[in-house]
Amino acid sequence: MRYSRMRLSHKIVLVGLFTGLFFGATVLRVPSLISEPAASPLDKAMEDLSRVEYPSLKNIRWHAHFIRPNESLESLFGSDWVWVARFNRIDRRHVYPGMTIKVPEDVAEIRNYTPLPRFYEPARRQEKYILVDIGEQWLAAYEYGKLVFSVPAATGKKGTETPVGMFRIDARHLTHTSSLYKTANDEEQYPMDNALRFHIGSDNVSYWLHARDLPGRPASHGCIGLYDEEMQNRVFGNPSRPQLTDSQKLYEWAAGETDYGEDYGELDELEDGPVVQVRGELPRYLSQALARN
C-alpha cells in the first residue's frame, strides 16, 4: 500500500511540474496585454510618421497613433480618412499594422488644410505657377498669385534630393514610365502617369512631376510624386475604390488639351509651360515621437 501511495504522489508532482512548465512557456510566448505597442520587428522601415516634423503643424494639436491589426484609415476615421491621409502625406497602401501616424485632436481643424499661402506674391504676374515646398512635402498651384489647389507631395529622399530653384514645365507625357526603376515585384518599369517634366540636369537626368506612391516622407529619386489611386489600383490592385487623383488634376490644369491640343499619350514638348518653383530643405526627423498638444 505504501508503494502505491508513493507512485500516486509522484504522479501528482509530475503533473504539477508539467502544468507549471506549460503555463510558464505560454506566458513567455504571449506579450502582456498592458505592453505599450511598438513598431513590428518584421517591418524593417519601422515607420513612425510622428517623427517627421513639418513647420506648419506647430499650431495644430495632434497625437501619435499606432496602427493595430485590422485598422485602416477608413475604419478609424470614416469619410474623414481623406483629410488624415493628406495631413500625413500618405496613401492608403502605406498605412499598415506596426506603423505610427499623426492624428489631429480635431479632424475638423484639418479639413482643407494647406501649409502653403493662399496668396503667393511671387506668382502674382503668372497665369499659372507651381510652388513645391520640400520642407512641407507639399505642392500648391496658383493663378495670378491666388491658390487654386493644394496637395501633398513626395520629393527626393536624402542622397537623391529634388533640385531646388526656378524651372518651367517643358514636356508632358500621359503614359510615362521610369527608364531606371521598376515596381517592387520587379515585373515592370515603375509607372509615372500624368508626367510633367520640369528640369533636365547636367547629367541628362530628367525630373518630373508625376503619379506615384506617397509613403508619408521624402521617398523619390528626385522627381516629385502626387496621389493617383487609379494608377495604384491598375498596377497593385489596391485601393479597390480609387478616390485620390491629384496627379491627374495637376496634369490637366498645367498641360491639358484646352491649352496644348490633343493628347495621344506620347511625349509632347511644350512651350511656355507653368513656372515651377522648388524651395526648402528636407523635413527634420525627431529622435523620438513628439505629439503637439
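**A walk across a five-strand sheet**

Select Ala 141 and Phe 149 to begin: the bridge partner of Ala 141 in strand β6 is Phe 149. You're looking at a predicted model, by the way. Now widen the selection to residues 138-143, which are strand β5. β5 and β6 are antiparallel, with 6 bridges between them.

Next, bring in the whole sheet. It's an open one with 5 strands, ordered β6-β5-β4-β15-β7, and its pairing is mixed. At the edges you'll find β6 (146-152) and β7, each pairing on one side only. Turn the view and follow the twist, which averages 20 degrees from one strand to the next.

Time to head for β15, residues 275-279. How many of its residues are buried? It's 4 of the 5, so to speak a mostly covered strand. Click on Val 278 and check for partners: Val 132 is its bridge partner, and Gly 165 is a bridge partner of Val 278 too. Zoom out a bit to see the strands behind those pairs. β4 (residues 129-133) runs parallel to β15, joined by 5 bridges, while β7 (residues 165-168) pairs with β15 in the antiparallel sense over 4 bridges.

Now select residues 246-255, helix α5. This helix lies across β4, β5 and β6, and runs at about 145 degrees to β6.

Finally, show the full chain. There are 6 helices and 16 strands to explore, and 45% of the 293 residues are buried. Switch on a surface if you like: the chain exposes about 16,400 Å², with carbon and sulfur atoms supplying 52% of that.

Terms used
Residues are numbered from 1 along each chain as its sequence is written. This is a predicted model: local features need pLDDT of at least 70, side-chain atom pairs count only at pLDDT 80 or more; totals for chains, interfaces and linings use all residues. Side-chain values use heavy atoms; hydrogens and water are left out. Buried means under 20% relative accessible area, exposed over 50%, partly exposed in between (1.4 Å probe, protein chains only). Helices (H or I, at least four residues) and strands (E, at least two) are DSSP runs, numbered from the N terminus. Two strands pair if DSSP finds at least two bridges between them. Accessible areas come from the Shrake-Rupley method with a 1.4 Å probe; for residues, only the protein chains shown count as cover. Axes are lines fitted to C-alpha atoms, for helices over the stretch in contact, and angles run from 0 to 180 degrees between N-to-C directions. Contact means heavy atoms within 4.5 Å.
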